Amino acid sequence: MACENVNRAECPLLGGDAIDRASTQSSIFKPPTDDGEEDGPSSPPEYGNIEDDVLPEESVLGRNIDWKSAYIIAISRVIGSGIFAVPGVILTSVGSIGLSLSIWILGAIIVACGLTVSLEYGCMLPRSGGDKVYLEFTYPWPRFFASTMIAVQAVLLGFTASNCIIFSQYVHFVFDAEPSDFSKKSLAVAVITVITIIHGVWYKAGIRIQNFLGWIKVGLVLFMVFAALYVVIFRPEQEDADIQPTKLHSWEGLWEGSDWNLGTIATSLFKVFYSYAGLSNLNNVMNEVKDPVRTLKSVSLTALFTALLLYLLANLAYFAVVPIDDIKQSGQLVAALFFERTFGPNIGKRFLPLAVALSAVGNVMVVTFAVARLNQEIARAGFLPFARYLSSTKPFNSPLGGLIVHYIPSVLVIILPPSDEVYSFILEVEGYPGQIFALATSVGLVWLRYKRPDLKRPFKAWIPAVVFRILLCLALLAAPFFPPSNPKPDGLWYATYAVVSVGLLLFGVLYWLVWTVILPRIGRYTLEEKQEVLDDGTAITVLTRVPRVEPSTYDRPIESHPVHITDVRGRESEYTLDKNGFQYVPHVAQETEFVDDEHIKAVYYPETEQLLKDVTGASKIFIFDHTIRRQPADVRSADRGAQLRGPVQRVHIDQTYTASLSRVPHHLPAEEAAELLKGRVQIINVWRPIKTVLRDPLAIADAGSVSESELVPVPLIYPNRKGETFAVRYSPAHRWYYKSGLTPREVLLIKCFDSKTDGRARRVPHTAFSDPRTADDVPKRESIEVRALVFHPDDRD
């Protein structure tokens with residue numbers, strides 16, 4: 001590297017092929033402080049390559065979900081076909097009231113254990129996406145595997161078909177229509193179509209409608225319970241002997257007809273799990289929840305106890321009013337029979353079953369609302385085709401892309417299976433893969449307790465409950481392959497749902513293997529993540545193909561290239577932040593020693609803020625860190641706690657574009673950050689010598705001489721977030737500058753980021769370099785750099 005200042009000097013610069021995203025799979029840079037620069041490689045971590053998911057993240061739609069709406073999102077999914085249809089299906093499978101009630105109680109216990117797992121994860125990682133976020137965080141290796149499996153499960157199995165079918169069946173029941181296969185499926189498809197349009201076009205109206213229907217459902221269940229009490233207390237005998245409810249005179253009678261087959265119990269438990277599935281519904285939409293951690297804890301526990309009470313009371317109401325043989329024959333229409341026997345053929349058969357149908361619509365609405373956001377998170381991560389369109393909230397300021405991804409498999413599942421078995425089949429196909437992911441999250445939670453005790457856990461699951469859930473998951477995964485006691489001769493094979501579920505997951509494994517391993521090896525490329533921000537403010541990851549770097553390159557992480565470095569002394573005023581990306585400014589600081597962090601923050605921070613306002617015209621400055629560089633660190637300063645590190649002789653830019661924007665909600669309150677992000681945002685490094693620079697001066701490349709294609713994102717993993725810095729590929733076109741003999745009475749402003757894309761400089765690479773003319777006895781360089789978010793809230797063009 002040639003330095004143009006009388007003589008030439010060799011200055012180490014990072015070459016383009018030395019470090020790129022291919023190499024960061026096995027070498028992640030981890031600086032000792034959160035300053036946005038890499039000081040050298042560290043060994044790869046065993047986990048946590050998306051550490052930024054520890055931080056809350058606000059949706060571009062804002063935080064519109066308060067406690068009441070959050071409760072409805074949870075409880076309204078729970079109260080749907082699970083309470084109006086599943087009790088009859090379970091009783092038909094297990095054969096007796098005693099075993100049916102036991103299944104509901106055991107299922108509730110298992111669900112409670114699972115809820116503690118999702119609560120610990122959700123409070124520790126309060127981000128939209130649910131299991132996607134948790135599994136990616138826990139299992140980062142093999143690379144992309146957890147993300148691919150979640151994407152396959154969400155797209156192929158994340159449908160909302162069961163309650164559409166319940167709606168169709170109850171509507172046909174109300175109008176005494178003899179349902180054909182075509183009419184039942186057509187009405188079910190119509191429901192999911194209308195709901196998708198409402199959520200996709202009228203976002204806030206959809207929330208209001210689902211809230212209203214949710215409260216209607218809670219009231220309907222309570223009405224059923226009081227109706228059952230009325231029948232038992234005031235009308236204990238029916239005139240028609242054929243419609244007498246079941247009378248149990250002994251303990252043995254309670255268990256008469258029980259089917260204790262493990263496979264039967266497992267499929268029944270899967271239906272119970274489905275009935276409680278809404279308890280974790282809120283985890284999928286955390287980016288839109290106000291006060292997400294506190295809301296998640298209180299809403300989830302409240303919804304659990306509400307659901308358990310309502311389910312038990314609803315089952316007891318059915319058994320108190322409807323004969324057991326009629327329940328077994330009714331299948332999914334048990335609630336319709338209950339209303340008919342309680343209130344007669346008019347109100348009981350017309351009005352109240354229609355209310356059940358509307359409650360099923362409410363369930364479809366909240367499931368669609370949550371799953372669409374999960375699909376959007378998957379698209380944002382780059383695991384769906386057309387990610388830019390599916391991630392965007394345009395044109396209706398709603399997750400329309402995620403809704404479409406959810407709509408297609410839902411319609412297919414409604415149309416394809418045989419009509420008489422479609423409901424049970426759907427519940428079982430949804431439930432079986434869920435146990436695989438439940439097993440993965442439960443084991444992962446125990447693993448993280450051991451490996452990551454440093455993570456903040458606002459809620460901690462009881463480990464014996466987690467272990468119990470792990471054992472139950474293993475048993476339930478094996479159970480479907482035990483043949484039932486009384487298999488249906490003309491129905492589907494008893495383990496069909498398990499085979500279908502495993503087949504879909506194996507498809508995910510094969511897809512991952514081909515997509516991320518085989519094709520990249522054949523094509524000699526790697527899949528790398530490139531961060532982009534869409535027009536609506538949505539941050540997405542685009543997976544791109546990067547030519548593979550030869551293994552020998554990894555042995556040379558730093559390359560030196562001869563380049564000219566121009567001394568700008570006497571011409572400093574020619575270089576500005578917006579034109580070149582850097583600017584020299586005369587400025588005398590009150591602080592001169594820079595040995596005490598607290599004194600620096602109290603004295604130097606305020607004068608630096610004012611300097612930045614004067615130079616840039618910004619109205620708000622937020623300084624988020626500073627770094628003192630002394631080499632070696634002197635004892636006096638080290639004893640007083642200042643951050644001391646040597647110069648970085650590696651070409652870099654402190655922040656990538658995405659990492660820069662993520663700092664705003666990281667450092668500032670969510671509402672304030674959302675407002676500030678609507679205007680111009682900059683990150684500027686204020687670099688000042690503590691003593692006149694005689695060794696290791698700082699070189700800056702003109703921003704216009706460095707193209708975007710020469711910037712290589714490199715992840716930086718911190719205890720509580722993930723950052724990214726840009727490494728820089730070498731090019732002879734780069735124009736390098738420095739100022740010789742820089743004194744403490746002047747500062748160098750280095751633009752690390754600018755949100756404006758109108759042609760002005762957005763970022764500037766820089767590095768320290770060694771001048772061979774420097775004598776050995778010249779004092780080491782001492783400098784301080786302060787990094788600040790610079791806001792122009794009125795500049796929104």
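Which side chain meets that of Glu782 in a salt bridge? In this predicted model, the partner of Glu782 is Lys691, with an N to O separation of 3.5 Å. Glu782 lies in strand β17, which covers residues 782–792, while Lys691 lies in the loop between β10 (680–689) and β11 (698–701), so the pair ties together parts of the chain that are 91 residues apart in sequence. Glu782 has a relative accessible area of 14% and is therefore buried, the cut-off for that class being under 20%.

The salt bridge between Glu782 and Lys691 belongs to a broader set of charged pairs, for which the count comes to 24 salt bridges. In general terms, side chains of opposite charge can pair when their charged atoms come close. A further pair is formed by Glu572 and Lys739, whose closest N and O atoms are 2.6 Å apart. Glu572 is placed in the loop between β5 (565–567) and α20 (577–580), and Lys739 in the loop between β14 (736–738) and β15 (746–754), so that this contact ties together parts that are 167 residues apart in sequence. Both partners fall in the buried class, since the relative accessibility of Glu572 is 19% and that of Lys739 is 8%.

A salt bridge also joins the side chains of Arg763 and Glu708, at 3.3 Å from N to O. This pair links distant parts of the chain, with Arg763 in the loop between β15 and β16 (766–768) and Glu708 in the loop between β11 and β12 (711–717), 55 residues apart. The two partners are assigned to separate accessibility classes: Arg763, at 4% relative accessibility, counts as buried, whereas Glu708, with a relative accessible area of 43%, is partly exposed. Salt bridges that share partners additionally join Asp578, Arg680, Lys751, Asp754, Asp758 and Arg760 into one network.

Attention may next be given to helix α21, which spans residues 597–616 and contains Thr608. At 1% relative accessibility Thr608 counts as buried, and the side chain of this residue reaches the backbone oxygen of Tyr604 at 2.8 Å. When residues up to four places away in sequence are not counted, Thr608 touches Ile623, Val686 and Val786. In the loop between β6 (582–586) and helix α21 is Phe594, for which phi is near 55°, a positive value in a residue other than glycine. Phe594 is likewise assigned to the buried class, because its relative accessible area is 2%.

Backbone geometry of note is also found in the loop between α5 (131–138) and α6 (145–157), where Pro142 is located. The peptide bond from Trp141 to Pro142 is cis, with omega near 0°. Phe144 is found in the loop between α5 and α6 as well, and phi of Phe144 is near 75°, again a positive value in a residue other than glycine. At 9% relative accessibility, Phe144 counts as buried. For context, most residues other than glycine have a negative phi, and most peptide bonds are trans.

On the surface, a nonpolar patch of about 500 Å² is made by Leu510, Leu513, Val514, Ile518, Leu519 and Ile522. Of these residues, Ile518 is found in helix α19, which runs over residues 496–523. Ile518 has a relative accessible area of 36% and is therefore partly exposed.

The confidence of the prediction varies along the chain. The mean pLDDT of the protein chain is 77, and 77% of its residues reach 70 or more. Among the elements of the chain, strand β1 (residues 12–13) has the lowest mean pLDDT, at 30, and β15 the highest, at 96. Over residues 1–56 the pLDDT is below 50, although this stretch has 228 contacts in the model beyond near neighbours in sequence. The pLDDT is also below 50 over residues 238–244, a stretch with 10 contacts in the model beyond near neighbours in sequence. Where pLDDT is low, the predicted coordinates should not be read in detail.

How values were computed
Residues numbered from 1 in each chain as written. Predicted model: local features only at pLDDT ≥ 70, side-chain atom pairs only at ≥ 80, totals over all residues. Heavy atoms only, no water. Helix = DSSP H or I, 4+ residues; strand = E, 2+ residues; numbered from the N terminus. Buried < 20%, exposed > 50% of the residue type's maximum accessible area, 1.4 Å probe, protein only. Polar contact = N/O pair within 3.5 Å; in protein donor to acceptor, adjacent residues only side chain to side chain. Contact = heavy atoms within 4.5 Å. Patch = residues over 30% accessible without salt bridge, like charges linked within 9 Å, V, L, I, M, F, W, Y side chains within 5 Å. Areas by Shrake-Rupley, 256 points an atom, 1.4 Å probe, with all protein chains shown as cover. Salt bridge = Lys/Arg side-chain N within 4 Å of Asp/Glu carboxyl O. pLDDT = per-residue confidence, 0-100.
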